[in-house]
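User: Please take me through this fold by question and answer, with the cut-offs behind each term.

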Amino acid sequence: MGFTTDIRTYDEDYPAMIIANGMFGGYFHSELFQIIREKYNFAYAISSSYNSINGSIIVIAGVDNKNMVKAKELTLDILNQFKEGALFEQNFELTKTSIISELLQSEDSRYTQLLLLKSNIDFKDRFLTNTEL
């Protein structure tokens, strides 16, 4: 299933969108996973992903044909709860903790370290003379 939002990377609501997607279907503690997979056992797996470049939200699920309509209805029901401003306090706290953990872990990755090194080199090349290096 696919949905769209007007929220993009540099929008003021971008951080809230990241949290909302995490709560909706981004983690094992998300509403989609806990309700559709754990509570009703309608899906082997289910998750959502948010693309901040084009504003799309994609829900991917491994669902048996006999449960497809029920899973779709529940997905739309959960989405409507989010639109109406329902706050799932425990899910919110778990999502914040998960996002912070991911950010901290990303600082340790070689890719991030190389990006930081490259940006430092670019900064030096643009703003410092050879004698200052």
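User: What does α1 span between its end C-alpha atoms, where a straight helix of 13 residues would span 18 Å?

Analyst: In this predicted model, local features need pLDDT of at least 70 and side-chain atom pairs count only at pLDDT 80 or more, whereas totals for chains, interfaces and linings use all residues. Residues are numbered from 1 along each chain as its sequence is written, and side-chain values use heavy atoms, with hydrogens and water left out. Helices are DSSP runs of H or I of at least four residues, and strands are runs of E of at least two, numbered from the N terminus. The expected span is 1.5 Å times one less than the number of residues, and against that 18 Å the helix α1 spans only 15 Å.

User: Which residues of α1 are buried?

Analyst: Buried means under 20% relative accessible area with a 1.4 Å probe, protein chains only. The buried residues pack against α2, β2, β3, α3 (68–83) and α4 (89–106), contact being heavy atoms within 4.5 Å. They are M17, N21, G22, M23, F24 and G25.

User: At what angle to β2 does α1 run?

Analyst: Axes are lines fitted to C-alpha atoms, for helices over the stretch in contact, and angles run from 0 to 180 degrees between N-to-C directions. Helix α1 (residues 14–26) lies across β2 and β3, and its angle to β2 is about 170°.

User: What is the strand order of the open sheet?

Analyst: Two strands pair if DSSP finds at least two bridges between them, and β2 and β3 (residues 56–63) pair in the antiparallel sense over eight bridges. The open sheet has three strands with antiparallel pairing, in the order β1-β3-β2.

Key: Buried means under 20% relative accessible area, exposed over 50%, partly exposed in between (1.4 Å probe, protein chains only).
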